[in-house]
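Student: Could we go through this structure together, one question at a time, and reason from the atoms to each answer?

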Amino acid sequence: GHVILNNKQFEKIYADPMEKILRAAEAKGKQVFFTSEGSVERVAEFFNQFKKGTVSMIIEMDDPYEIRKKYPNICIYGGLNTDVMGHGTPKQCVDMAKRAIDMNPENLKAVANFVLEYRG
């Protein structure tokens, strides 16, 4: 809903119920996962107020590395921007994949090796 609502509408409709859910999850040490189909930049500060590890989000339009730096309490999973993957050049896609691997080389290399060996 955040991509079609302005900030006032987001606050009026979503903020209070989401805050209650997220505070309850935070108190119990639980994690809440969100998927975004648009930019989260407008609402990221809302999610960043919760204890690190409470909010996990896969983002589509924003640069995941910039969001990670700017909003450190939000766990951003993924790292490949779907807009670039769908509409970018092969070089842009490869550069983005290299950047993702450089962020966590051991884990991503292990996954890449698994994919190469699996062939199930």
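Tutor: What follows is a set of questions and answers on a predicted model.

Student: In what order do the three strands of the open sheet lie?

Tutor: The sheet is open and its strands pair in parallel. β1 (32-35) and β3 (74-77) stand at the edges, each with a single partner strand, so one side of each is left without a neighbour in the sheet. From one strand to the next the twist averages 25°. The order is therefore β1-β2-β3.

Student: Which residue of β3 is the bridge partner of Ser56?

Tutor: Strand β2 covers residues 55-58 and runs parallel to β3, to which four bridges join it. For Ser56, the bridge partner in β3 is Cys75.

Student: Which element gives the largest share of the largest nonpolar core?

Tutor: This core has 20 residues, and those with the most contacts inside it are Leu22, Phe34, Phe46, Phe47, Val55, Met57 and Ile74. Two or more residues come from each of α1, β1, α2, β2 and β3. The largest share amounts to five residues, and the element that gives it is α1.

Student: With which residues is Phe47 in contact, once its neighbours within four places in sequence are left aside?

Tutor: Phe47 is among the residues with the most contacts inside the largest nonpolar core. Leaving aside the neighbours within four places in sequence, the residues in contact with Phe47 are Met18, Leu22, Phe34, Val55, Met57 and Ile74.

Student: How far apart in sequence are the parts that the salt bridge between Glu41 and Lys70 ties together?

Tutor: Side chains of opposite charge can pair when their charged atoms come close. In the salt bridge of Glu41 with Lys70, the closest N and O atoms are 2.8 Å apart. Glu41 lies in the loop between β1 and α2 (44-48), whereas Lys70 belongs to helix α3 (residues 64-70), so the pair ties together parts whose separation in sequence is 29 residues.

Student: Is Lys70 buried or exposed?

Tutor: The salt-bridge partner of Lys70 is Glu41, which has a relative accessible area of 30% and is partly exposed. For Lys70 the relative accessibility is 51%, and because the class of exposed residues begins over 50%, Lys70 counts as exposed.

Student: About how many helical turns separate Arg23 and Glu19?

Tutor: The side chains of Arg23 and Glu19 meet in a salt bridge with an N to O distance of 3.4 Å. Arg23 is partly exposed at a relative accessible area of 30%, and Glu19 is partly exposed at 28%. Both residues lie in helix α1 (residues 7-27), and because they are four residues apart there, the separation is about one helical turn.

Student: Which residues are joined into one network by salt bridges that share partners?

Tutor: The structure holds six salt bridges, including one between Glu66 and Lys69 at 3.4 Å, N to O. Those two residues both lie in helix α3, three residues apart, which is about one turn of the helix. Salt bridges that share partners form one network, whose members are Glu19, Arg23 and Glu26.

Student: How far apart are the end C-alpha atoms of helix α6?

Tutor: Helix α6 (residues 105-118) has 14 residues, and at 1.5 Å a residue it should span 20 Å. The helix is followed by Arg119, whose phi is positive, near 40°. The expected span agrees with the model, because the end C-alpha atoms of α6 are apart by 20 Å.

Terms used
Residues are numbered from 1 along each chain as its sequence is written. This is a predicted model: local features need pLDDT of at least 70, side-chain atom pairs count only at pLDDT 80 or more; totals for chains, interfaces and linings use all residues. Side-chain values use heavy atoms; hydrogens and water are left out. Two strands pair if DSSP finds at least two bridges between them. Axes are lines fitted to C-alpha atoms, for helices over the stretch in contact, and angles run from 0 to 180 degrees between N-to-C directions. A salt bridge is a side-chain nitrogen of Lys or Arg within 4 Å of a carboxyl oxygen of Asp or Glu. Buried means under 20% relative accessible area, exposed over 50%, partly exposed in between (1.4 Å probe, protein chains only). A nonpolar core is a set of buried Ala, Val, Leu, Ile, Met, Phe, Trp, Tyr and Cys residues joined through side-chain atoms within 4.5 Å. Contact means heavy atoms within 4.5 Å. The expected span of a helix is 1.5 Å times one less than its number of residues.
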